[in-house]
Amino acid sequence: MAITSCPACSKPISDKVKTCPHCNLAFGDSSAEDIQRKLSHQRYQKLHQLQNQSMLAILIFIVGAYFVFMGDYENNEKGILMYNIALGVTTLGFIWYAINRVRITLAKRK
Ligand SMILES: [Zn+2]
């Protein structure tokens with residue numbers, strides 16, 4: 001048994017394993033070309049997924065911001081609570097979007 005490194009995550013693995021225990025990349029009997037194709041496909045899917053999440057985050061942000069600025073809240077406990085919820089949703093959408101931007105940048109750099 002020899003130790004080699006996974007072409008996807010670069011972690012040390014045995015050359016006898018069929019799938020990488022770290023990132024689940026399947027090797028099987030596939031050629032280096034197959035592995036490359038699988039990798040670029042995985043990468044594409046991951047980027048696509050991150051972009052979808054970004055869109056969702058923007059949507060959440062817009063909906064939250066709409067309720068923060070357009071909502072007509074009464075100055076009582078319920079109104080304040082609703083305002084705070086809208087504000088929280090807006091903040092959450094913004095933070096999620098920022099995190100996704102960083103993740104997309106990192107994923108593209110690889
Ligand atoms: Zn791996």
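# Close-up views of a predicted protein chain

**Figure 1. S10 lies in the loop that connects β1 with β2.** The model shown here and in the figures that follow is predicted. Strand β1 comprises residues 3-5, and strand β2 comprises residues 12-14. The backbone of S10 has a positive phi of about 65°, although S10 is not a glycine. Is S10 buried or exposed? S10 is exposed, because 10 other C-beta atoms lie within 10 Å and a residue with 12 or fewer such neighbours is classed as exposed.

**Figure 2. N24 belongs to the loop between β2 and α1.** N24 is a residue other than glycine, and its phi is nonetheless positive, near 70°. N24 has 11 C-beta neighbours inside 10 Å and therefore counts as exposed.

**Figure 3. S31 is placed in the loop between β2 and α1.** Why does S31 count as exposed? S31 counts as exposed because it has 10 C-beta neighbours inside 10 Å. A second residue, R101, is included in this view to give a sense of distance through the model. S31 and R101 are 70 residues apart along the chain, and their C-alpha atoms are separated by 34 Å.

**Figure 4. Helix α1 contains 39 residues.** The helix runs over residues 32-70. From its first C-alpha to its last, α1 reaches 56 Å. This is close to the 57 Å expected at 1.5 Å a residue. Which residues of α1 are buried? They are L50, A57 and G64. The cover over these buried residues includes α2.

**Figure 5. Y73 is located in the loop between α1 and α2.** Y73 is partly exposed, because 15 other C-beta atoms lie within 10 Å, whereas 20 or more would be needed for it to be buried. Which residues does Y73 touch, when those up to four places away in sequence are not counted? Y73 touches G79, M82 and Y83. Q45 is also marked for comparison with the sequence. Y73 and Q45 are 28 residues apart in sequence, and the distance between their C-alpha atoms is 42 Å.

**Figure 6. Helix α2 is formed by the 33 residues 77-109.** At 1.5 Å a residue, α2 should span 48 Å, and its end C-alpha atoms are 48 Å apart, so the model agrees with the expected span. The buried residues of α2 are A86, T90, G93 and N100. What do these buried residues pack against? Their packing partner is α1. Confidence within the protein chain is highest in α2, at a mean of 94.

**Figure 7. R103 lies in helix α2.** R103 has 16 C-beta neighbours inside 10 Å and therefore counts as partly exposed. Y66 is displayed together with R103. The two residues are 37 apart in sequence, and their C-alpha atoms are 27 Å apart in space.

**Figure 8. The protein chain follows the pattern β-β-α-α along its sequence.** This overview places the preceding close-ups in context. The secondary structure comes to 2 helices and 2 strands. The chain is divided into domain 1, residues 1-30, and domain 2, residues 42-109. How far apart are the C-alpha centres of domain 1 and domain 2? The C-alpha centres lie 37 Å apart. Along its principal axes, the C-alpha trace spans about 70 × 20 × 20 Å. The radius of gyration of the chain is 22 Å, whereas a compact globule of 110 residues would have one near 13 Å. Of the 110 residues, 7% count as buried. Contacts between residues at least 6 apart in sequence can also be examined, and 43% of these join residues at least 24 apart.

**Figure 9. The mean pLDDT of the protein chain is 89.** In addition, 95% of the residues reach a pLDDT of 70 or more. Where is confidence lowest? Confidence is lowest in strand β1, at a mean of 86. As a general caution, predicted coordinates should not be read in detail where pLDDT is low.

How values were computed
Residues are numbered from 1 along each chain as its sequence is written. This is a predicted model: local features need pLDDT of at least 70, side-chain atom pairs count only at pLDDT 80 or more; totals for chains, interfaces and linings use all residues. Helices (H or I, at least four residues) and strands (E, at least two) are DSSP runs, numbered from the N terminus. The expected span of a helix is 1.5 Å times one less than its number of residues. Two residues are in contact if their C-beta atoms, placed from the backbone, lie within 7 Å. pLDDT is the predictor's confidence in each residue, from 0 to 100. Domain bounds come from an automatic or database domain assignment. The radius of gyration is taken over C-alpha atoms; the globule rule is 2.2 Å times the number of residues to the power 0.38.
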